[in-house]
Amino acid sequence: MNTLGGKVVGGDAVGEEVDGPAAAGAQVLPAAVRGLPHAALGWLDRFREQALDEGVPEDDVDRWFALARPAMRSAPDGGGTVVGRLGSPVLLPPDAPTPATVYGSGLRTEHQLVVTLDLAAIAPGATDLPLPRDGHLLLFANLELEDDLLEGGAVHVPAGAPVEERDVEPDYEPYGYDSPQAVDEELRRSPDLRLVPSVSLPACSLDPEIEAAHPFAETLQEIWAELTEDSGEWQLGGHADNFDDYGDPARRSASHGPSGAGTRPEDWVLLAQWYGVPMGVVYWTIPRQDLESCRFDRVLVQLYANP
């Protein structure tokens, strides 16, 4: 019987109150995580049991739970709430520029729309992100294996704003696809994006002070990575996955040119991640303060891949 948080989250007596050491980990869970559905908290039960089996002291496991964050992820069975659609059309207000990279010569390379999120479909508290309560959030990315990070990878369209369909023709060589048009065709063939509430624990390297307080951090991260390795293509909010030990894309964003200037690694958060390229992942990151101010021009896009 699993009893994280003082409630049975598995077995026949869902919701039954219990006492004892098995409930201890819930006492340090952030309030936003304690409010997640039992199905999401069940991941923490399985994680806790496995960590104890591998010899991690109970107190260390329970203190690790303080780092948990709420997130939304794709469900293995494809279920969950519809929160968006993939691919074109690109619907933007008439006065909003089409996201693009502008070079010194004046040449513009337009960015490719990946997903349009319906923010009203994302329940308050479902993630650790201060997202707008309504409207649509368009996430863009050019799927190139480049060292440079793509700036301005998101646009927020407020609810009720008039929009027009843009004729966007990205001109680049996408990794894993024949053309940008092939990327869009595959996205449009995909079903609506559905996500379920989930919980997220650190997978990447931590702030040195935090890591010093958790002597079993590496072991705990390995256990979590193994437990969640098949947890879906999409995630909103939470901690980023550590793809091939490339490190934390959020913390890395602080060292990126103009967008990172004046920011600290801990200022950045994961907006979304998508396993949408062969043997690779795309991350969207943003400083939390800019997210609170709806400064989506500050979003960075990173593609990590192991061809």
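The questions and answers below look at a cavity and at salt bridges in a predicted model.

User: Which classes of residue line the largest cavity, and how many of each are there?
Analyst: The largest cavity holds about 30 Å³ of space, and its lining includes Arg73, Trp224, His239 and Asp241. Sorted by class, the residues of this lining come to 4 nonpolar, 3 polar and 2 charged.

User: In which helices do Arg48 and Asp62 lie?
Analyst: The side chains of Arg48 and Asp62 meet in a salt bridge, with 2.9 Å from N to O. This pair links distant parts of the chain, since the two residues are 14 residues apart. Arg48 belongs to helix H2 (residues 38-53), while Asp62 belongs to helix H3 (residues 58-64).

User: Is Asp184 buried or exposed?
Analyst: Asp184 forms a salt bridge with Arg188 at 2.9 Å, N to O, and because the two are 4 residues apart in helix H4 (residues 180-189), about one helical turn separates them. Arg188 is partly exposed, with a relative accessible area of 45%. Buried means under 20% relative accessible area, and because the value for Asp184 is 14%, Asp184 is buried.

User: Which residues are joined into one network by salt bridges that share partners?
Analyst: The structure holds 12 salt bridges, and one of them brings together the side chains of Arg295 and Asp297 at 2.8 Å, N to O. Where salt bridges share partners, they join into one network the residues Arg48, Glu58 and Asp62.

Technical notes:
Residues numbered from 1 in each chain as written. Predicted model: local features only at pLDDT ≥ 70, side-chain atom pairs only at ≥ 80, totals over all residues. Heavy atoms only, no water. 1 Å grid on protein atoms, 1.4 Å probe; cavity = no way out; pocket = protein on both sides within 12 Å on 5 of 7 lines; lining within 4 Å. Points joined across faces, edges and corners; volume = space filled by probe spheres on them. Nonpolar A, V, L, I, M, F, W, Y, C, P; charged D, E, K, R; others polar. Salt bridge = Lys/Arg side-chain N within 4 Å of Asp/Glu carboxyl O. Buried < 20%, exposed > 50% of the residue type's maximum accessible area, 1.4 Å probe, protein only.
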